[in-house]
Each structure stands twice: as C-alpha cells, then as structure tokens.
Amino acid sequence: MTRFASPAALALGFALDLLCGDPHGFPHIVVFAGKLIAWGETILRPLFPPAKRGERAAGALLVFIVTAVCTALPALLLRLLYARSFWGGLAAESFFCYQLLAARALCDESRTVAAALEAGDLGSARHWLSMIVGRDTDLLDETGVVKAAVETVAENTADGVVAPLFWIGLFGVPGGCFCKAVNTMDSMIGYKNERYRWFGTAAARLDDLVNFVPARLAGLLMVAAAGLCRFDAANAWRIFRRDRLRHASPNSAHAEAACAGALRVQLAGPASYGGQVEDKPFLGDPLRPVETADIARSHKLLFATAALAFLLALALRSLAAVIW
C-alpha cells in the first residue's frame with residue numbers, strides 16, 4: 001500500500017510549501033545537514049595531512065558520510081512509520097516534501113526587498129537583500145538591488161525548487177534529502193578560497209553533477225513558464241540558448257538566462273564579493289530598463305516554473321512508485 005503514498009505526499013508537501021513557506025521552529029533537514037557538515041569538518045580535518053591530497057581525501061569522506069546519513073535516516077524513519085501506520089507515514093513523508101521545497105520562502109524573502117524599495121528605503125532594501133545573496137550590497141543602487149533580487153529568485157528556482165522536485169520525483173524523499181544535503185555542502189564548503197579550495201572539491205563537483213539535469217530543466221521550464229505568464233517566451237528561448245553557459249559554474253546561468261530573456265532585461269555582470277569585484281558576463285539584452293516591478297514578475301515566473309516542475313515530478317513519482 002505504501003508504494004502509492006509518495007505522489008500524494010508530494011502533492012501535500014508542495015501545497016504546504018505554497019501556503020505556509022519555510023517551517024521555522026521545526027526540525028529541518030537543512031539545519032541537520034549543516035550541523036553534520038560542521039561537526040564532520042571539525043572531526044575529519046585533523047585526521048588527514050594538511051596538504052592538497054589529504055584535504056581532498058578528508059572532504060571526500062565528509063561528502064560520503066553526510067550524503068549517506070541524510071539519505072538513509074529519512075528512508076529508515078519513513079519505513080518504520082509506514083510499518084506502524086499508513087497515515088502516520090504519509091504525514092511524515094508529506095512534511096519532508098514540504099521542507100525540501102522553498103518556493104514560498106524565496107518569494108517572501110525577495111518581496112521584502114521589493115517592499116523596502118517601494119517605500120523609498122534603499123538602506124533597508126540593501127539589508128534585506130544581504131540576507132539572501134552572497135554579494136556585497138552596501139553600495140548597490142536601486143537598479144543593482146533589483147537585479148540581484150531577480151537573479152537570486154531565478155537561480156534559486158533551479159536550486160531550491162526544481163532540483164529537489166526532480167530528485168523527489170525519481171527517488172522519493174530520500175532522493176530529495178540527498179539533493180538538499182549536497183546543495184548544503186556546496187553552500188558551506190564548496191568555495192575556491194584558502195580554507196576550502198581542496199577540502200571542498202568533492203562537494204563542489206558532486207553539486208555540479210547532481211544539479212546538471214535540474215539546472216537545464218529549470219531553464220527550459222522557465223521558458224515555458226514565460227509563455228504561461230504572457231512574458232516574452234520567444235526572447236526567453238533565444239537568451240536561454242545564447243547565454244545559459246556564460247558562467248564559471250556549468251549550472252548557474254540556465255534559469256537566470258531564461259528569466260532575463262522573459263523579462264526583456266539584462267542581468268548579472270560585474271559584482272563585488274568580500275570587497276573583490278568579479279567580472280561576470282552579462283545575461284540577456286537591455287531591451288528595457290530594470291525596475292522594481294521586475295521582482296514581482298520574477299515571482300510569477302518562479303511559481304509557474306514550480307508548478308510545471310511539480311507536474312513533472314508527480315509524473316515521475318507515480319511511475320517510480322509502480323517500478324520501484
């Protein structure tokens with residue numbers, strides 16, 4: 001009987017995310033993964049020599065431990081709960097799906113930035129933006145703030161919505177937890193700085209692999225979403241094809257390029273991180289000026305893309321429930 005539960009759990013989890021947003025105060029797989037990563041780094045680093053090969057080995061071992069634990073524990077918990085009660089298992093599986101998705105939270109956080117701009121409070125807009133982006137925000141003008149907000153909505157549509165839905169669709173909650181654990185590791189240790197250049201190599205490469213298909217899928221779904229939202233779908237397709245690989249990361253620009261094309265604006269370009277300016281290429285053409293309303297437009301693309309990704313994941317999960 002439990003093999004038919006996953007599509008229902010996915011639907012309930014998706015609905016909860018749209019209605020409630022981030023479940024603050026509840027146990028969360030991302031918080032658990034973050035603590036496990038921090039603990040693992042503290043334990044593993046001293047066990048290996050502080051050189052390139054040793055740090056890579058320690059980082060690879062950490063990746064194995066974190067992914068194994070974050071995948072196996074939810075699978076075991078759900079198996080135990082379903083063995084006791086179908087409804088208890090379904091409730092737990094639905095909650096897992098809920099906390100693996102971030103569409104509503106992404107919208108709420110970027111809407112706060114837009115609200116500050118609409119109130120004429122650029123300082124507050126910069127502050128709220130700094131909560132959701134990694135770049136320096138202190139010197140951004142209104143256009144820079146809007147662009148950064150739209151970019152993070154587009155990028156996180158891929159990372160925080162399409163990717164977990166894709167992996168849930170294929171392998172259920174354990175697949176989604178695996179994806180989230182990998183994404184969390186990349187955000188914590190997948191940097192090319194002095195501390196993590198070698199220790200974070202395995203995490204960064206695994207993240208590239210895990211998100212390879214979802215990133216491209218997100219771009220394609222956002223092109224389709226542009227048509228549903230009556231934006232410029234033809235330009236979204238053109239810019240997606242032209243600019244999706246204009247990034248140091250193989251996965252980061254696909255959804256951003258589609259978003260830029262759909263809104264007929266130019267995104268990305270040089271940005272400051274820790275006081276150092278990175279000369280990133282532009283995405284899209286400046287067919288019109290960027291404006292605050294583009295943040296709300298990006299939300300429409302976010303939810304339309306999420307809906308399409310959900311339908312695809314539901315189809316995958318329904319098929320997988322029969323096969324597996």
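Visitor: Which residues does Ala-105 touch, leaving out its sequence neighbours?
Guide: Ala-105 touches Gly-21 and Asp-22, not counting residues up to four places away in sequence. Touching, or contact, means heavy atoms within 4.5 Å. This is a predicted model, where local features need pLDDT of at least 70 and side-chain atom pairs count only at pLDDT 80 or more, while totals for chains, interfaces and linings use all residues. Residues are numbered from 1 along each chain as its sequence is written, and side-chain values use heavy atoms, with hydrogens and water left out.

Visitor: Where is Ala-105, then?
Guide: Ala-105 is in helix H5. Helices (H or I, at least four residues) and strands (E, at least two) are DSSP runs, numbered from the N terminus.

Visitor: Is Ala-105 buried or exposed?
Guide: Ala-105 is buried, with a relative accessible area of 14%. Buried means under 20% relative accessible area, exposed means over 50%, and partly exposed is in between (1.4 Å probe, protein chains only).

Visitor: How far apart are Ala-105 and Leu-18?
Guide: In sequence they are 87 residues apart, but in space Ala-105 and Leu-18 are 8.6 Å apart, C-alpha to C-alpha.

Visitor: Back to helices. How do H5 and H12 pack?
Guide: Helix H5 (residues 103-118) and helix H12 (residues 293-323) pack at an angle of about 170°, and their axes are 9 Å apart. The axes are lines fitted to C-alpha atoms, for helices over the stretch in contact, and angles run from 0 to 180 degrees between N-to-C directions. That makes H5 roughly antiparallel to H12. Angles under 35 degrees count as roughly parallel, over 145 as roughly antiparallel, 65 to 115 as roughly perpendicular and the rest as oblique.

Visitor: Which residues make that contact?
Guide: On the H5 side, they include Arg-104, Cys-107, Val-113 and Leu-117. From H12 come Ile-295, His-299, Leu-302 and Phe-303.

Visitor: Does anything charged pair up? How many salt bridges are there?
Guide: The count comes to 14 salt bridges. A salt bridge is a side-chain nitrogen of Lys or Arg within 4 Å of a carboxyl oxygen of Asp or Glu. One of them sits in H5: Arg-104 pairs with Asp-108, and the closest N and O atoms are 3.1 Å apart. Being 4 residues apart in helix H5, these two are separated by about one helical turn. Arg-104 is partly exposed at 25% relative accessibility, and Asp-108 is partly exposed at 27%.

Visitor: Cool. What does Arg-45 pair with?
Guide: Arg-45 forms a salt bridge with Glu-55, and their closest N and O atoms are 3.6 Å apart. Arg-45 lies in the loop between helix H2 (29-44) and helix H3 (52-84), while Glu-55 is in helix H3, so the pair ties together parts that are 10 residues apart in sequence. Arg-45 is partly exposed at 21%, whereas Glu-55 counts as buried at 16%.

Visitor: And which residue forms a salt bridge with Arg-288?
Guide: Asp-294 does, and the closest N and O atoms are 2.3 Å apart. Asp-294 is buried at 1% relative accessibility, whereas Arg-288 is partly exposed at 23%. Elsewhere, salt bridges that share partners join Arg-238, Arg-242, Asp-243, Arg-246 and Asp-285 into one network.

Visitor: What about Lys-180, is it buried or exposed?
Guide: Lys-180 is buried yet has no salt bridge. The nearest side chain of opposite charge, Asp-22, is 8.7 Å away. For this, Lys and Arg count as positive and Asp and Glu as negative, while His and the chain ends are not counted. Lys-180 is in helix H7 (residues 142-189). Beyond its neighbours within four places in sequence, Lys-180 contacts Ile-29, Val-30, Leu-100, Gly-160 and Pro-164.

Visitor: New topic! How many residues are in the largest nonpolar core?
Guide: That core has 83 residues, and those with the most contacts inside it are Val-66, Val-113, Leu-129, Leu-165, Ile-295 and Leu-301. H7 gives the most to this core, with 22 residues. A nonpolar core is a set of buried Ala, Val, Leu, Ile, Met, Phe, Trp, Tyr and Cys residues joined through side-chain atoms within 4.5 Å.

Visitor: Last one: what is the phi of Arg-264?
Guide: Arg-264 has a positive phi of about 65° although it is not a glycine. Most residues other than glycine have a negative phi. Arg-264 is found in the loop between helix H11 (254-263) and strand E1 (267-268).
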